Amino acid sequence: MRIARFAHGSEVGYGIVEEAQPDGAAAAGVPDPDGLVVAELLGHPFGIGDESIRLTGSRYPLADVRLLAPVLPSKVIAIGKNYADHVREMGGEPPPEPVIFLKPSTAVVGPRDPIVYPAELSERVDFEGELAVVIGRLCRQVPAARVPEVIFGYTCANDVTARDLQARDAQWTRAKGFDTFCPLGPWIETGTDPADLELVTTVNGDVRQRARTSELLWDVPGLISYISHVMTLLPGDVVLTGTPEGVGPLTDGDEVSVTIESIGTLTNRVVIGD
């Protein structure tokens, strides 16, 4: 199931993204991008009980709504150095345990929102396509075997990074934390298996990253368990699982897309900030 957060007119809500048939009914299967609808949900999908997934009966063509960041997390927990080839392209060796850092919630933007290049502070801003995990329930110290119970779903992410500031600073908060540096979307997929999904990042249509999540040094259950032993995770929190090799710079006007098998494509354009 694909759960989207969207705006229609002045209203913001959640809905299920479905493929529309000529009679207006929804069908299962691979959606046709030109024939998608959003079936509006009553309430909040992170709520408790049947009301959280009850349909209002309203359906809107996807082209008539604006997709927003699919979740507004209390925090974004990111993992560095989680693909061996990426670690080596950055001149290092795989670490003995996961590297955790935080991105502020104010960095989150949605599909088609601009990535604002902070040109006054940075001379190199990179893309980093990643699989993102959305937490579904409050949890702490979760055993790896029970991690699927606390996951709501998965989405695409771009861990945008001011690479020169990352190299200059002793820690990564400034390099990773600018407004717009955490695009998420286009929706949350609740029914996929994250163990072996293809991830492809393109810039202006050219493939820059191609990998599979089976290449992660620490898989999703291991990461969520590890993080939950450090901090309490709340419904809607987002975990970025790391980027593969192929990261590179962005410039004004670039269109960067992150596509993950069975989830979808997240696209954003770069603009120079004031």
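A polar contact is a pair of N or O atoms within 3.5 Å, where, within protein, one atom must be able to donate a hydrogen and the other to accept it. In this predicted model, one such pair joins the side chains of Glu 40 and Thr 56, at 3.0 Å.

Glu 40 makes a good place to start a tour of the chain. The residue lies in strand β4, which covers residues 36-42. Glu 40 is buried, yet no salt bridge accompanies its charge. Arg 59 carries the nearest side chain of opposite charge, and it is 9.8 Å away; a salt bridge would need a side-chain nitrogen of Lys or Arg within 4 Å of a carboxyl oxygen. What, then, is Glu 40 in contact with, leaving aside its neighbours within four places in sequence? The partners are Phe 6, Tyr 14, Gly 15, Arg 54, Leu 55, Thr 56, Ser 58 and Tyr 60. Thr 56 thus appears both in this list and as the partner in the polar contact.

Stepping back to the whole chain, the secondary structure comprises 4 helices and 21 strands. The radius of gyration is 18 Å, close to the 19 Å that the globule rule gives for 274 residues, so the chain is as compact as a globular protein of that length. Its C-alpha trace spans about 55 × 45 × 30 Å along the principal axes.

Burial and contacts complete the picture. Of the 274 residues, 53% count as buried, Glu 40 being one of the buried residues. Among contacts with a separation of 6 or more, 72% come from residues 24 or more positions apart. The accessible surface amounts to about 12300 Å², with 51% belonging to carbon and sulfur atoms.

Key:
Residues are numbered from 1 along each chain as its sequence is written. This is a predicted model: local features need pLDDT of at least 70, side-chain atom pairs count only at pLDDT 80 or more; totals for chains, interfaces and linings use all residues. Side-chain values use heavy atoms; hydrogens and water are left out. Helices (H or I, at least four residues) and strands (E, at least two) are DSSP runs, numbered from the N terminus. Buried means under 20% relative accessible area, exposed over 50%, partly exposed in between (1.4 Å probe, protein chains only). Lys and Arg count as positive and Asp and Glu as negative; His and the chain ends are not counted. Contact means heavy atoms within 4.5 Å. The radius of gyration is taken over C-alpha atoms; the globule rule is 2.2 Å times the number of residues to the power 0.38. Accessible areas come from the Shrake-Rupley method with a 1.4 Å probe; for residues, only the protein chains shown count as cover.
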